[in-house]
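Reader: I should like to understand the terms used for this model and the grounds on which each is applied. Could we go through them one at a time?

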Amino acid sequence: MDAYSSLLPRASAVTPRPGSCPLDARTEVRVTGSAATERLVRGFVADLGLPEPSEPANTTQTSWFAATDTDDQQPAGGYVLEVTEAGIEVRAGDYEGVHHALTTLRQLLPARIWRRGAHPGGLTVPCGTVVDRPAYGWRGAMLDVARHFFPKRTVLRYVDLLAAHRFNRLHLHLSDDQGWRVESRRHPRLHSVGSWRPSTRLGPDGEPDGTPHGGYYTLEDLAEISAYARARGITIVPEFDVPGHTSALRAAYPELGQPGSEPTVLDTVWAGGSSLSPTRPVVSFLQDVLEEILEYVDTPYVHLGGDECDMRWWSDDPVIGAEMAEHGYTDVKQMHGHFLRSLGEFLAERDVRMVVWDEGFLTEGVLADTIVMAWRGHGVAGRAAESHDVIRAPLFPTYFNFDQSDLAEERRSEGGPITLADVAAFAPAPQDWPERQRARILGGQFQIWTEWVPSERHLDYLAFPRACALAEVLWSGHVADLAEFGGRLAGHLERLDALGVEYRPLDGPHPWQTGGTGVWRRTKPGQIEETKKWVESISREP
């Protein structure tokens with residue numbers, strides 16, 4: 001397979017040509033555009049570890065490398081990469097396009113170039129032209145750091161792996177019943193109390209392990225993660241899940257929830273059905289937290305959750321009842337929507353768009369420009385797309401915390417399987433939808449909820465190679481031929497090896513990646529059938 005046929009995700013158009021362009025320490029670098037693009041290109045060349053040429057210097061035959069981010073003929077994120085025997089040219093209309101072009105250029109080089117360090121022996125790039133643009137503007141990954149905390153170094157590494165596949169959003173799920181993961185200097189009990197739990201159970205039927213678990217990102221950590229991601233063409237989307245999934249927040253500030261309850265950071269990895277009061281004092285508290293976060297995170301989006309909220313106690317609470325009467329509401333679901341809209345209006349004043357799970361759409365907790373992240377099948381996604389921009393994140397097939405086959409040796413997980421082929425067949429904007437709905441689909445993303453993901457190694461195993469298939473769907477629009485994709489993927493795994501990714505082999509897990517005979521053994525009878533029924537029930541949601 002020639003280099004131009006090995007690109008993953010597939011480029012829009014490629015034209016290989018005979019010949020190659022040498023890269024060495026004499027290669028002249030020319031950059032037109034922003035200072036950030038200048039740093040990006042020169043840093044890329046420096047990272048290649050270009051060797052001194054073995055032949056005597058000949059100034060008449062020095063190659064060149066030119067790049068610009070000011071080509072107004074290119075769409076957002078798109079680029080042209082042209083390689084001739086004399087030099088390499090990148091033409092893009094923005095920083096992100098230049099970054100994507102450099103990712104493609106790296107893929108045209110041997111897989112060893114993805115390893116750190118110098119690369120003796122010289123480099124040559126095969127001649128040809130790539131004309132490329134993304135099918136979808138939102139190509140994302142969601143990482144849950146609340147159920148199991150991952151340190152900053154893991155998040156930064158994850159950014160690098162996403163960038164290598166032309167993803168451009170990292171959605172960080174920063175709060176849930178099992179932990180609050182961000183420092184707050186205005187409300188320090190959020191991290192001093194809410195960021196750790198005394199024990200963890202593996203599933204609802206598991207035994208508590210008696211081992212404390214926790215951690216949080218400082219505000220400077222978030223600023224660093226945000227800047228690091230931006231430099232790699234990725235926008236951080238922080239999520240603070242409210243008003244449900246809030247046991248950790250309520251453990252820190254119990255007055256924000258149900259009076260008389262005894263909140264605690266849950267020791268199980270499953271949701272506890274907790275919720276905040278949707279009243280003005282709680283809205284004010286959360287606005288204070290959001291304002292603090294936005295001082296450190298450069299993002300045009302904040303996700304406010306809105307999913308799986310227990311509203312049963314709201315109807316009996318006199319304070320909530322009084323505010324409902326003031327607004328003329330007769331159903332607690334109206335307060336759910338009012339609560340989210342109040343926070344969304346606060347964000348809008350700061351030029352930040354609110355994102356919510358699809359439950360927020362159903363309770364009218366949306367503004368005109370709110371993005372709806374639809375996780376419960378096609379029905380609710382289609383309804384939301386009649387009036388709002390939508391991100392497709394359906395449980396099937398984008399929940400990568402589900403296992404990857406029906407093999408008995410797969411490690412225990414929440415359910416499954418969701419196979420590589422399932423992901424490759426995903427259509428973010430189904431062909432049978434009317435154009436008015438298809439036009440509102442911004443893109444999609446995969447999710448890794450970490451109830452069953454305690455380590456970076458297992459994160460690698462679940463994400464890859466399924467993330468490679470979704471990268472192709474979101475960049476190219478679809479996987480045109482599964483067998484042809486499989487051929488490119490087999491070669492791409494050499495790049496993942498060079499990057500140190502502990503992915504799941506295509507023919508099944510390594511022995512050390514299986515469940516074995518202990519607590520991680522896949523023991524639940526009928527798990528596959530139960531999962532399929534669950535997926536079907538979710539898909540029937542309104």
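Reader: In which helix is Leu459 found, and what makes such a stretch a helix?

Author: Leu459 belongs to helix 15, residues 456-463. A helix is a DSSP run of H or I with at least four residues, a strand is a run of E with at least two, and both are numbered from the N terminus. The model is predicted, so local features need pLDDT of at least 70 and side-chain atom pairs count only at pLDDT 80 or more, whereas totals for chains, interfaces and linings use all residues. Residues are numbered from 1 along each chain as its sequence is written, and side-chain values use heavy atoms, with hydrogens and water left out.

Reader: Why is Leu459 called buried?

Author: Buried means under 20% relative accessible area, exposed means over 50%, and partly exposed lies in between (1.4 Å probe, protein chains only). The relative accessible area of Leu459 is 1%, and therefore the residue counts as buried.

Reader: Which residues does Leu459 touch?

Author: Contact means heavy atoms within 4.5 Å. Not counting residues up to four places away in sequence, Leu459 touches Leu143, Phe150, Thr154, Tyr158, Ile448 and Val453. Trp433, 26 residues away in sequence, stands 34 Å from Leu459, C-alpha to C-alpha.

Reader: How do you know that strand 7 is mostly covered?

Author: In strand 7, residues 138-144, 7 of 7 residues are buried. Trp138, Gly140, Met142 and Asp144 point one way, while Arg139, Ala141 and Leu143 point the other way.

Reader: What makes strand 7 and strand 18 a pair?

Author: Two strands pair if DSSP finds at least two bridges between them. Strand 7 and strand 18, residues 441-448, share 6 bridges in the parallel sense, so the condition is met. Met142 stands opposite Gln447 of strand 18. Strand 7 also runs parallel to strand 8, residues 169-173, with 5 bridges joining them, and Ala141 has Leu170 as its bridge partner there.

Reader: In what order do the 8 strands close into a barrel?

Author: The order is 7-8-13-14-15-16-17-18, with parallel pairing. Neighbouring strands of this sheet are turned against each other by 25 degrees on average, direction ignored. For such angles, axes are lines fitted to C-alpha atoms, for helices over the stretch in contact, and the angles run from 0 to 180 degrees between N-to-C directions. Within the barrel, 4 bridges join strand 16 (371-374) to strand 17 (389-392), where Ile371 stands opposite Asp389. Helix 3, residues 152-163, lies across strand 7, strand 8 and strand 18, at about 150 degrees to strand 8.

Reader: Why do strand 1 and strand 2 stand at the edges of the open sheet?

Author: That sheet has 6 strands in the order 1-6-4-5-3-2, with mixed pairing. Strand 1 (13-23) and strand 2 (28-32) each have a single partner strand, so one side of each lacks a neighbour in the sheet. The twist averages 15 degrees from one strand to the next. Strand 3 (64-68) and strand 5 (87-92) pair in the parallel sense over 5 bridges. Helix 2 packs on this sheet, touching strand 3, strand 4 (79-83), strand 5 and strand 6 (123-132).

Reader: How do you know that the span of helix 17 is close to the one expected?

Author: The expected span is 1.5 Å times one less than the number of residues. Helix 17, residues 482-499, has 18 residues and reaches 24 Å from its first C-alpha to its last, close to the expected 26 Å.

Reader: Where is the kink in helix 17 centred, and what is meant by a bend?

Author: The bend at a residue is the angle between axes fitted to the seven residues ending there and the seven starting there. In helix 17 the kink is about 25 degrees and is centred on Gly491.

Reader: What covers the buried residues of helix 17?

Author: The cover includes helix 2 (95-107), helix 13 (420-424) and helix 16 (466-476). Among the buried residues are Phe485, Leu489 and His492.

Reader: Why does Val423 count as buried?

Author: Val423, in helix 13, has 1% relative accessibility, and so it is classed as buried. Beyond its neighbours within four places in sequence, its contacts include Pro397, Phe400 and Arg466.
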